[in-house]
There are 4 protein chains.
Amino acid sequence: MNSIRRIAVNTGGGDAPGLNAVIRAIVLTAEQRGWEVYGVRDSYDGLFEEDGVQRLDRSSVRGITHLGGTILGTTNRGNPMRWPVEAEDGSVTYRDRTQEVVDAFAGLDIDAVIAIGGDGSLGIAHALAQKGLNVVGVPKTIDNDLAATQLTFGFTTAVETATDAIGKLHSTAESHERVMVVELMGRNAGWISLFAGVAGTADVILIPEIPYDIESVCAKVQDRYENGPEFAIVVVSEGAHPIDGEPVYQDTRAGQKRLGGVSRVLAEEIASRTGRETREMVLGHLQRGGGPNAYDRLLALRFGAAAVRMVAEGRFGTMVALDPPRVLAVPLEEAVAHIKTVPLDSDVVETARALGICLGD
Amino acid sequence: MNSIRRIAVNTGGGDAPGLNAVIRAIVLTAEQRGWEVYGVRDSYDGLFEEDGVQRLDRSSVRGITHLGGTILGTTNRGNPMRWPVEAEDGSVTYRDRTQEVVDAFAGLDIDAVIAIGGDGSLGIAHALAQKGLNVVGVPKTIDNDLAATQLTFGFTTAVETATDAIGKLHSTAESHERVMVVELMGRNAGWISLFAGVAGTADVILIPEIPYDIESVCAKVQDRYENGPEFAIVVVSEGAHPIDGEPVYQDTRAGQKRLGGVSRVLAEEIASRTGRETREMVLGHLQRGGGPNAYDRLLALRFGAAAVRMVAEGRFGTMVALDPPRVLAVPLEEAVAHIKTVPLDSDVVETARALGICLGD
Amino acid sequence: MNSIRRIAVNTGGGDAPGLNAVIRAIVLTAEQRGWEVYGVRDSYDGLFEEDGVQRLDRSSVRGITHLGGTILGTTNRGNPMRWPVEAEDGSVTYRDRTQEVVDAFAGLDIDAVIAIGGDGSLGIAHALAQKGLNVVGVPKTIDNDLAATQLTFGFTTAVETATDAIGKLHSTAESHERVMVVELMGRNAGWISLFAGVAGTADVILIPEIPYDIESVCAKVQDRYENGPEFAIVVVSEGAHPIDGEPVYQDTRAGQKRLGGVSRVLAEEIASRTGRETREMVLGHLQRGGGPNAYDRLLALRFGAAAVRMVAEGRFGTMVALDPPRVLAVPLEEAVAHIKTVPLDSDVVETARALGICLGD
Amino acid sequence: MNSIRRIAVNTGGGDAPGLNAVIRAIVLTAEQRGWEVYGVRDSYDGLFEEDGVQRLDRSSVRGITHLGGTILGTTNRGNPMRWPVEAEDGSVTYRDRTQEVVDAFAGLDIDAVIAIGGDGSLGIAHALAQKGLNVVGVPKTIDNDLAATQLTFGFTTAVETATDAIGKLHSTAESHERVMVVELMGRNAGWISLFAGVAGTADVILIPEIPYDIESVCAKVQDRYENGPEFAIVVVSEGAHPIDGEPVYQDTRAGQKRLGGVSRVLAEEIASRTGRETREMVLGHLQRGGGPNAYDRLLALRFGAAAVRMVAEGRFGTMVALDPPRVLAVPLEEAVAHIKTVPLDSDVVETARALGICLGD
């Protein structure tokens with residue numbers, strides 16, 4: 001058993017319902033062990049800013065379990081592995097600042113760090129761990145595409161929001177005899193679209209894992225109008241793409257529009273091929289906003305408590321993970337090695353097909 | 001007292017949460033009086049189609065109070081005042097078919113018709129009334145822009161959906177330090193945007209009634225980043241427009257894209273003028289989908305029951321309306337004479353300003 | 001125009017969804033006028049306790065619009081008109097402390113007080129006004145039984161919660177072929193039961209305004225089993241009573257059980273008279289808990305902003321009130337003169353009957 | 001591969017959100033294989049009643065995925081293993097009717113039966129399987145206490161409802177400085193209480209697996225009033241009991257009151273020992289009512305589709321089960337061998353303790 005006295009916690013990447021619950025669990029369970037907890041604002045940026053590291057105690061985390069967002073400020077900040085440096089001529093170069101991060105934590109007498117984040121943030125955590133920092137990771141991804149954990153907090157809330165939206169679109173699609181194309185999150189993995197599409201009884205679900213044939217999609221739509229109720233709901237992941245094409249979403253970092261690409265293209269193609277009135281809807285940021293549902297609150301609290309347990313047990317360089325019904329620790333290295341896509345032999349895929357849902361192939 | 005034995009009911013225009021509750025109330029209360037009720041499918045189209053008029057009884061309307069959509073089929077159909085007739089050469093002309101409608105009802109021995117619809121449908125009802133049909137109208141508009149009734153069913157549900165969406169966008173806007181522009185329904189009247197924007201604590205609310213000055217909007221956004229939390233929520237009605245410009249939404253009937261015009265323009269202007277990362281979101285069809293909330297269920301049931309009462313009392317050519325706390329009847333002529341916009345001296349407008357919300361002026 | 005610089009706000013009586021939104025609106029709108037706002041904790045108790053009066057500013061009220069409860073602490077405290085004084089022998093006498101309250105506010109240089117509360121609290125406010133205090137009241141009652149305002153914040157949220165519960169009980173009542181008796185709030189007035197009962201499609205609704213005949217109730221239940229689906233939902237207000245009996249709820253202050261009396265008695269009578277399996281459910285405190293819906297948020301914000309406006313206009317001794325679509329001021333005296341019960345000629349009562357709902361008579 | 005042409009489906013035991021989704025998935029996926037599906041009403045009773053077996057097709061199951069209850073009628077009926085027979089003198093004896101059930105299915109040319117039910121119903125299914133019926137079971141228990149499956153549909157919906165209720169009680173408990181005792185479902189297993197209690201941030205959680213010491217409970221309550229916010233939330237399973245006592249719930253079958261026993265006893269003890277105002281609330285039937293959330297819809301659809309797959313593969317005498325992320329089949333015998341209680345070394349129990357929640361020991 002090691003002798004921890006002070007730990008730090010930070011959050012990185014996009015927000016996810018449950019972040020505050022993780023933080024609360026970390027603070028309460030660490031206090032029970034007699035530790036002090038410090039929150040680093042704005043990912044690692046707070047380390048280099050005035051008032052960027054704040055003491056968190058019981059009162060700091062009161063009443064936040066069910067609130068969305070994060071009390072640790074913006075989650076979308078600088079990457080210490082690739083920190084932008086602007087030269088006098090305006091050109092930008094990047095330098096590795098990870099050693100400064102390790103030194104800054106040392107300077108604050110921080111014995112261990114709990115890093116809550118997605119793919120990118122956990123990669124940074126892994127790099128920091130290799131530089132000697134005592135790190136435990138907590139996985140965070142709305143898309144549920146992190147390897148080594150079956151689920152992450154925020155995902156079932158996003159699925160609930162998306163399913164509710166699909167449900168609402170049913171009544172209006174039916175009343176107006178329209179095709180509704182709904183674009184959901186998921187650049188690399190179709191978890192949200194598959195789960196919400198099946199739960200919400202979509203007619204077509206297109207995910208990145210199964211390149212789609214526009215003719216199959218339109219055939220399904222036509223079949224609905226000819227034999228069933230005269231409307232159709234098409235759910236599509238941001239990263240879905242035709243069998244002979246690339247994903248159409250564009251890169252945020254290049255300053256371009258991020259959302260709506262694939263749904264617009266699809267809606268236009270369906271309208272022109274089938275002649276049916278078609279509308280698109282981009283659910284977008286609604287999916288990651290708001291408070292966590294009960295399942296995600298519980299999972300977030302379990303992750304936070306488990307992270308503190310791993311720190312107490314000295315299991316650094318790991319990430320907490322759900323292997324139902326257990327929460328356990330896996331090596332960070334393994335967690336960031338690859339992303340988790342929907343396996344095509346999943347019974348959920350099989351269920352979708354058996355229900356007559358077109359998966360685009 | 002007249003001697004009603006058979007009545008008909010139809011729905012016209014876009015869907016609204018509560019339509020089924022109105023139909024249920026009409027059927028149950030008419031049955032209590034010993035009347036038969038017939039539903040006309042697809043606005044008035046059912047009159048001219050096989051199986052287009054169906055008997056509705058207690059079992060037809062069981063368990064539908066809380067369901068969205070309408071059991072009377074699509075609501076977005078032909079206008080008997082302007083019925084499209086395609087010539088052999090493909091050209092389309094329009095003819096007035098209202099007398100045929102009146103005759104069709106007479107042929108079915110229908111003693112009175114309850115027409116549920118918005119501006120357009122009530123105008124048709126008024127024309128039919130002038131041709132001698134016994135009509136009572138029930139107002140239906142998500143936008144709440146019908147004169148002569150303070151509220152219509154579906155409106156508070158739409159406001160709830162919009163407020164919930166604004167709430168969800170807060171956490172993600174804050175986490176990412178973004179400006180979020182949310183486009184809500186309302187081409188002519190800003191009721192949804194004003195109510196949801198105040199309830200959802202938006203920073204800027206732009207409605208058709210108050211042409212906006214983009215500089216005021218950007219000044220408010222900048223002030224948020226400089227003095228307050230570094231994010232901003234801008235709510236904008238579909239029909240909002242700058243002081244020196246026209247609304248940018250485009251006409252559906254011309255086959256063009258309907259939604260998203262104003263939010264895209266605004267988001268681009270705000271981003272370029274303030275330099276802040278800005279995203280837009282079009283809530284669109286979600287606002288009119290789904291089941292009605294408790295308030296709208298009750299209002300819809302009251303409207304349905306009141307419409308039957310008006311029929312029993314022979315008060316034809318009227319529309320039921322809410323003059324809180326009463327439901328009463330107003331002349332159809334008055335109801336369709338003009339649309340109801342937000343009065344600029346409303347205490348809600350005053351409340352918005354007092355809370356520091358920028359209304360664009 | 002008077003010259004206000006410092007105002008105080010307090011909350012009294014049971015909680016209601018929207019209290020925090022009222023407080024937020026008061027603080028933000030008063031700050032816009034350059035005033036300082038002070039919150040008095042625990043009704044008026046804070047005036048006589050250390051740290052019982054606290055400065056409220058923009059940051060105190062951030063992010064609370066949608067939260068239940070009240071940031072001003074417990075709402076269920078001492079009545080300054082009847083303050084308990086314990087003698088050495090343990091006996092309790094009461095004294096009038098209203099002058100001390102007036103003096104305490106004067107000692108704090110408070111120019112005006114906004115008192116948010118129900119029947120009792122507004123009575124106290126009225127007494128304080130008569131002693132010379134500058135008071136404006138904001139009505140607060142879940143039961144919606146305050147005269148002089150058509151609606152109060154929290155009421156539609158309570159109706160939504162109750163309607164949702166009635167909906168949930170339908171599926172289980174039907175599956176088990178049971179009679180479910182649901183007790184809702186309302187000792188003197190049946191607003192919640194009537195509104196939620198109709199919106200939730202109950203079969204029987206019993207309210208204090210209409211003493212019930214148990215035989216009518218049982219006849220309706222039997223009719224359901226014989227002719228309709230074999231289950232029944234009976235909604236009953238806490239204060240409903242038989243034509244020949246008294247309400248069975250008992251007084252909290254005497255330390256006795258408060259809820260569940262009438263539903264238990266009814267369930268037993270229905271079971272023994274009809275032989276049908278019957279269960280009761282007391283919704284109780286759930287009805288006043290949680291955050292306000294969009295409608296109540298807006299109403300609460302309007303009330304808060306209006307109260308500040310009345311203070312600015314020197315309209316003391318009044319209460320803000322909703323006379324749709326306006327919020328205006330009415331004399332406190334009028335507001336507390338009597339409670340507002342459901343008028344038997346209300347169209348909602350008529351709607352309930354027309355839908356075939358048994359009202360117990 | 002066997003040659004199935006006609007299958008039957010029935011539901012037994014109390015209702016659970018998701019039953020209709022299971023039925024829909026069975027019908028749609030069986031139709032895709034070209035099978036006919038028959039629904040048996042009222043558990044097995046329909047076999048012996050006129051119109052008790054009905055053909056189910058695509059149109060029978062349209063739009064029911066999100067609805068609570070079951071389209072197959074009451075779920076709480078006769079047990080063919082112990083069928084009551086009333087003698088002329090009014091005395092009741094029981095006989096085994098399972099062979100008649102097997103024969104009845106044979107007489108209807110039913111090739112296989114999918115039985116959806118809990119502990120009791122699956123025991124019957126097992127007995128029928130042993131008599132030669134081709135049966136596949138689908139687990140159904142709100143309490144989540146069925147062995148051999150990690151989760152059942154309806155459970156996370158019940159946890160959500162309970163968590164939401166606990167959340168609502170927080171604001172009123174705090175406003176009134178009360179202890180609120182909330183009784184949740186769970187006679188033998190504390191899953192709902194533990195999950196909802198942790199997610200809803202209760203202060204005390206009492207479950208059947210951990211007999212409670214009333215002194216520990218009261219010490220925790222006192223600590224809240226002395227050091228923390230002056231209120232407390234106590235969550236208690238129906239079947240929780242003191243270390244030296246029995247569960248206080250009473251048997252429904254004996255015609256006695258079922259719910260509220262333990263919460264009433266606890267509330268009285270806490271009030272008398274701590275002197276704090278205490279109220280109890282029995283959430284009861286609300287927990288199993290209403291429509292399923294997205295997670296439960298998906299799980300129910302997967303279970304239904306998997307059951308059809310098991311029938312196709314001839315894997316009779318099994319039950320579908322969730323072993324995340326897979327749905328697979330387990331022997332019915334194993335599934336009904338014992339109930340699944342909360343393991344005391346579960347990380348959820350550990351999380352609860354680490355968060356400072358009193359578990360009664």
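Okay, so chain D against chain A: in this predicted model, 38 residues of chain D are in contact with 38 residues of chain A. Where do those come from on the D side? At least two residues each are supplied by α1 (19-32), α4 (155-176), α5 (191-199), α8 (294-312), β13 (326-331) and α10 (347-354) of chain D. The top contributor there is α8(D), which gives eight residues. If you sort that side of chain D by chemistry, you get 19 nonpolar, 13 polar and six charged residues.

Now, how do these two chains relate? Take chain D, turn it by 180 degrees with a shift of 0.0 Å along the axis, and it can be laid on chain A with an RMSD of 0.0 Å. So that's the relation of a two-fold axis. And the same surface serves both copies, with 100% of the contact residues of chain D recurring in chain A. If you want to find the rotation axis on your screen, go to P324(D): of the residues of chain D, its C-alpha comes closest, at 3.2 Å.

Okay, next contact: chain D with chain C. Here 27 residues of chain D are in contact with 27 residues of chain C. Which elements of chain D give two or more residues to that side? Those are α4 and β11 (278-282). The largest share is from α4(D), with nine residues. You'll remember α4 from the side that touches chain A, where it also supplies at least two residues. As for the chemistry of the side facing chain C, the residues divide into five nonpolar, 16 polar and six charged.

Terms used: Residues numbered from 1 in each chain as written. Chains lettered and ligands numbered in written order. Predicted model: local features only at pLDDT ≥ 70, side-chain atom pairs only at ≥ 80, totals over all residues. Least-squares fit on C-alpha atoms with pLDDT ≥ 70 in both. Contact = placed C-beta atoms within 7 Å. Helix = DSSP H or I, 4+ residues; strand = E, 2+ residues; numbered from the N terminus. Nonpolar A, V, L, I, M, F, W, Y, C, P; charged D, E, K, R; others polar.
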